[in-house]
Amino acid sequence: MATTYDFPSDLLAGQEELHQVRAELSALLKRLPWSVEPLDGFSDTGGWRKVERPASPGWTPDEQAEVEKLRRREHELAVFVTTHRFWTEVATGDRVEARTRLKHARSE
């Protein structure tokens, strides 16, 4: 039988926000041009895998600020979740399983 963990509400909330911030950051990065700075496009067909990129207009200052804001928040939340006092209550050998369960706690 699988072990169940009584995660504190602030840890659950932090993990949920971390999921949301990562999803928002991923969606934003997919919408943005491939290069932060304006660059010409290129095509490399000589390698084992063809690589092509169109010209990139670069990111606007607002887009750069939004990415930085989300990355900063992602880092804050990751530190909060991984250093939460709850982990001291979990046996060292069980922490990986507990961490995995936390990541999926809201989706179960």
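Arg-73 is partly exposed, at 31% relative accessibility. Keep in mind that this is a predicted model. Which residue does the Arg-73 side chain meet in a salt bridge? Glu-76, at 3.0 Å from N to O. Both residues sit in helix H2, three residues apart, and that is about one turn of the helix. Glu-76 is partly exposed too, with a relative accessible area of 40%. The pair does not stand alone. Glu-17 joins Arg-73 and Glu-76 in a network of salt bridges.

How many salt bridges turn up in a search of the whole structure? Eight. I will take two others.

Start with Lys-50 and Glu-52. Their closest N and O atoms are 3.7 Å apart, and they form a salt bridge. Lys-50 is exposed, at 54% relative accessible area. Glu-52 comes out at 47%, so it counts as partly exposed.

Now Asp-10 and Arg-85. This is a salt bridge as well, with 3.8 Å between the closest N and O atoms. Where do the two partners lie? Asp-10 is in helix H1, residues 9-31, while Arg-85 is in the loop between helix H2 (61-82) and helix H3 (95-103). The pair therefore ties together parts that are 75 residues apart in sequence. Asp-10 is partly exposed, at 29% relative accessibility. Arg-85 is exposed, with a relative accessible area of 55%.

Stay with Asp-10, and bring in a histidine. His-84 is in the loop between H2 and H3. Is His-84 buried or exposed? Buried, because its relative accessible area is 5%, and the cut-off for buried is under 20%. The His-84 side chain makes a polar contact of 3.1 Å with the side chain of Asp-10. So Asp-10 has two partners from that loop: Arg-85 through the salt bridge, and His-84 through the polar contact. The side chain of His-84 also reaches a backbone atom, the nitrogen of Phe-86, at 2.9 Å. What else does His-84 touch, leaving aside neighbours within four places in sequence? Pro-8, Asp-10 and Leu-11.

Compare the other histidine on my list, His-19. His-19 lies in helix H1. At 34% relative accessibility, His-19 is partly exposed, whereas His-84 is buried. From His-19 to Ala-78 the sequence separation is 59 residues. In space, their C-alpha atoms are 10.0 Å apart.

On to the nonpolar side. In soluble globular proteins, nonpolar side chains tend to be buried together. Here, the largest nonpolar core has ten residues. Tyr-5, Phe-7, Leu-11 and Leu-12 are among them, and so are Val-81, Phe-86 and Trp-87. Val-90, Ala-98 and Leu-102 belong to this core as well. Which elements give two or more residues to it? H1 and H3. Two of these core residues have come up already. Leu-11 is in contact with His-84, and the Phe-86 backbone nitrogen is reached by the His-84 side chain.

Look at Tyr-5 within that core. Not counting residues up to four places away in sequence, Tyr-5 touches Phe-86, Val-90 and Ala-98, among others. Its contacts also include Asp-94, Glu-97 and Arg-101.

Apart from the largest core lies another, of nine residues. Val-21, Leu-28, Leu-32 and Leu-77 are among them.

To recap, keep three places in view on the structure. One is the network of Glu-17, Arg-73 and Glu-76. Another is Asp-10, with its salt bridge to Arg-85 and its polar contact with His-84. The last is the ten-residue core.

Terms used
Residues are numbered from 1 along each chain as its sequence is written. This is a predicted model: local features need pLDDT of at least 70, side-chain atom pairs count only at pLDDT 80 or more; totals for chains, interfaces and linings use all residues. Side-chain values use heavy atoms; hydrogens and water are left out. A salt bridge is a side-chain nitrogen of Lys or Arg within 4 Å of a carboxyl oxygen of Asp or Glu. Helices (H or I, at least four residues) and strands (E, at least two) are DSSP runs, numbered from the N terminus. Buried means under 20% relative accessible area, exposed over 50%, partly exposed in between (1.4 Å probe, protein chains only). A polar contact is a pair of N or O atoms within 3.5 Å; within protein, one must be able to donate a hydrogen and the other to accept it, and residues adjacent in sequence count only if both atoms are side-chain atoms. Contact means heavy atoms within 4.5 Å. A nonpolar core is a set of buried Ala, Val, Leu, Ile, Met, Phe, Trp, Tyr and Cys residues joined through side-chain atoms within 4.5 Å.
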